[in-house]
Amino acid sequence: MSLADPHAETPVLAAGAPLGTAGAAVILVHGRGASAEDILGFSGPLAQPGVAFLAPQAADHTWYPQRFLAPLAVNEPWLSSALAKLASLRATVVATGIPDERIVWLGFSQGACLASEFVARNPRRWGGLVAAVGGRIGPPGMELSDAGDLARTPVYLGCGDDDPHIPWSRVAESAAAFERQNAEVTLRRYPGFPHAVHPEAVSFARRLLDGFAAS
């Protein structure tokens, strides 16, 4: 593992349609302490003909070492390496002929934070973002004001109202920031829900893929 670029050589697991034949792709981003194999399990309930599922693995099972609310500098170079990993994977998908508007990002917890950060920093019309229990990365009080147009990209952010790792205030701030970037945001607050993927997040992703199948 390179200390300067820890995620550069980590594997990417795949399920569903092979990239060479797929017409859409879901990039699944796992949480802290989990694995690509864990989150690739969502390829089962989300399976659709012609959809590829890709799950990158984080080095040492974490995308960045400190909390997502820590100052950005203390999570480097891990954070930049993680964002570069997603950029490289996106480039691989696009090179096979799948356009950005048919790429869906789905992440849980730390993976939801990373996927949210990547989409905000790379604005365009994506197929969608499903951020299950996560939000934008950066310390409290940091202005979330990325430039660029998400062109009505569908974005889901959902979280329990008292989650032990993800403050609801940051989820709401992230939703507002995505709206400023012209995303079509669905924000869900679940009273008493644990630190887990809510079934509504899976349903949201399934509807996105159903839309691809109908187009």
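Biologist: How many helices and how many strands does the protein chain have?

Modeller: In this predicted model, the protein chain has five helices and seven strands. Read from the N terminus, the elements follow the order β-β-α-β-α-β-α-β-β-α-β-α.

Biologist: In what order do the strands stand in the sheet, and how are they paired?

Modeller: The general idea is that strands of a sheet pair through backbone hydrogen bonds, in either a parallel or an antiparallel manner. Here, seven strands make up an open sheet with the order β1-β3-β2-β4-β5-β6-β7, and the pairing is mixed. The edges are held by β1 (12–16) and β7 (184–190); each has a single partner strand, so one side of each lacks a neighbour in the sheet. On average, neighbouring strands are turned by 15° against each other, direction ignored.

Biologist: How many bridges join β2 to β4?

Modeller: Strand β2 (residues 24–29) runs parallel to β4 (residues 103–108), and five bridges join the two. In this pairing, L28 stands opposite L106 in β4. Helix α5 (residues 199–214) packs on the sheet, where it touches β2, β3 (51–56), β4, β5 (128–132), β6 (154–160) and β7. The direction of α5 makes about 170° with that of β5.

Biologist: Which radius of gyration does the protein chain have, and what would a compact globule have?

Modeller: A compact globule of 215 residues would have a radius of gyration near 17 Å; the protein chain has 16 Å, which agrees. The C-alpha trace spans about 45 × 40 × 35 Å along its principal axes.

Biologist: I should next like to consider backbone geometry. Where is the cis peptide bond, and which residue has a positive phi although it is not a glycine?

Modeller: In general, most peptide bonds are trans, and most residues other than glycine have a negative phi. In this structure, a cis peptide bond joins E76 and P77, with omega of about 5°. P77 is placed in the loop between β3 and α2 (78–95). H61, which is not a glycine, has a positive phi of about 65°. H61 is likewise found in the loop between β3 and α2.

Biologist: How many residues line the largest pocket, and which lie nearest its centre?

Modeller: The lining of the largest pocket has 18 residues, with G31, R32, S109, Q110 and H195 nearest the centre. Two or more lining residues come from each of α1 (36–39) and α3 (110–121). By class, the lining divides into nine nonpolar, six polar and three charged residues. The space within this pocket is about 310 Å³.

Terms used
Residues numbered from 1 in each chain as written. Predicted model: local features only at pLDDT ≥ 70, side-chain atom pairs only at ≥ 80, totals over all residues. Heavy atoms only, no water. 1 Å grid on protein atoms, 1.4 Å probe; cavity = no way out; pocket = protein on both sides within 12 Å on 5 of 7 lines; lining within 4 Å. Points joined across faces, edges and corners; volume = space filled by probe spheres on them. Helix = DSSP H or I, 4+ residues; strand = E, 2+ residues; numbered from the N terminus. Nonpolar A, V, L, I, M, F, W, Y, C, P; charged D, E, K, R; others polar. Pairing = 2+ DSSP bridges. Axes fitted to C-alpha atoms, helices over the stretch in contact; angles between N-to-C directions. Contact = heavy atoms within 4.5 Å. Rg over C-alpha atoms; globule rule 2.2 N^0.38 Å.
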